Amino acid sequence: MKLDIDHLAVTLQGVSTEMGGQVQDLLGPALTHRLSDLKLRGASSVIAQADLGAIDAHVGMDAHALTDLIAARLVDWIGTTQGETV
């Protein structure tokens, strides 16, 4: 199955512009890697409605760790809605 994500909006509160740019650059590859482990069935309509809410990040977290946290939360949410265990 091919899955295209046309738009992903993430609000990073309290994060520097530099880190926000790094997260933006890293998030696509991180999601591609994590989503490749799922066997998605009709997930595109589910993802379109995704709202992950607030994600608590530790102060001092670097861009890689923050990106991994966001990607993990999205994949966990998708897995739960699709009945998959990641």
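Me: What pattern does the chain follow when read along the sequence?
Reply: This is a predicted model. The chain holds three helices and zero strands. Read along the sequence, its pattern is therefore written with helices alone, a reading that rests on how helices and strands are assigned from DSSP runs. The pattern is α-α-α.

Me: Which element of the chain has the lowest mean pLDDT?
Reply: For the chain, the mean pLDDT is 78, and 72% of the residues reach 70 or more. Where pLDDT is low, predicted coordinates should not be read in detail. Among the elements, α1 has the highest mean, 88, while the lowest, 60, belongs to α2.

Me: Which element gives the largest share of the largest nonpolar core?
Reply: The largest nonpolar core has 14 residues, of which Val23, Leu31 and Leu66 touch the most other members. Two elements, α1 (17-35) and α3, give two or more residues to this core. The largest share, seven residues, comes from α3.

Me: Which residues does leucine 66 touch, not counting those up to four places away in sequence?
Reply: Leu66 is one of the three residues that touch the most other members of the largest nonpolar core. Beyond four places in sequence, the residues that leucine 66 touches are Leu12, Val15, Met19, Val23, Ala57 and Met61.

Me: Is threonine 67 buried or exposed?
Reply: Threonine 67 lies in helix α3. Leaving aside neighbours within four places in sequence, its contacts are Val23, Leu26, Leu27 and Ala30. Because its relative accessibility is 1% and the cut-off for burial is under 20%, threonine 67 counts as buried.

Me: Is alanine 54 buried or exposed?
Reply: Alanine 54 is found in the loop between α2 (43-47) and α3 (63-82). Its C-alpha atom is separated by 9.7 Å from that of leucine 12, 42 residues apart along the chain. Because its relative accessibility is 63% and the cut-off for exposure is over 50%, alanine 54 counts as exposed.

Me: How many charged residues are in the lining of the second largest pocket?
Reply: The second largest pocket has a volume of about 150 Å³. Its lining consists of Leu8, Val10, Leu12, Gly20, Val23, Gln24, Leu27, Gly28 and Leu31. By class, six of these are nonpolar and three are polar, and the number of charged residues is zero.

Me: What percentage of the residues of the chain count as buried?
Reply: The chain has 86 residues. Among contacts between residues at least 6 apart in sequence, 77% join residues at least 24 apart. The share of residues that count as buried is 26%.

Technical notes: Residues numbered from 1 in each chain as written. Predicted model: local features only at pLDDT ≥ 70, side-chain atom pairs only at ≥ 80, totals over all residues. Heavy atoms only, no water. 1 Å grid on protein atoms, 1.4 Å probe; cavity = no way out; pocket = protein on both sides within 12 Å on 5 of 7 lines; lining within 4 Å. Points joined across faces, edges and corners; volume = space filled by probe spheres on them. Nonpolar A, V, L, I, M, F, W, Y, C, P; charged D, E, K, R; others polar. Helix = DSSP H or I, 4+ residues; strand = E, 2+ residues; numbered from the N terminus. Buried < 20%, exposed > 50% of the residue type's maximum accessible area, 1.4 Å probe, protein only. Contact = heavy atoms within 4.5 Å. Core = buried A, V, L, I, M, F, W, Y, C linked by side-chain atoms within 4.5 Å. pLDDT = per-residue confidence, 0-100.
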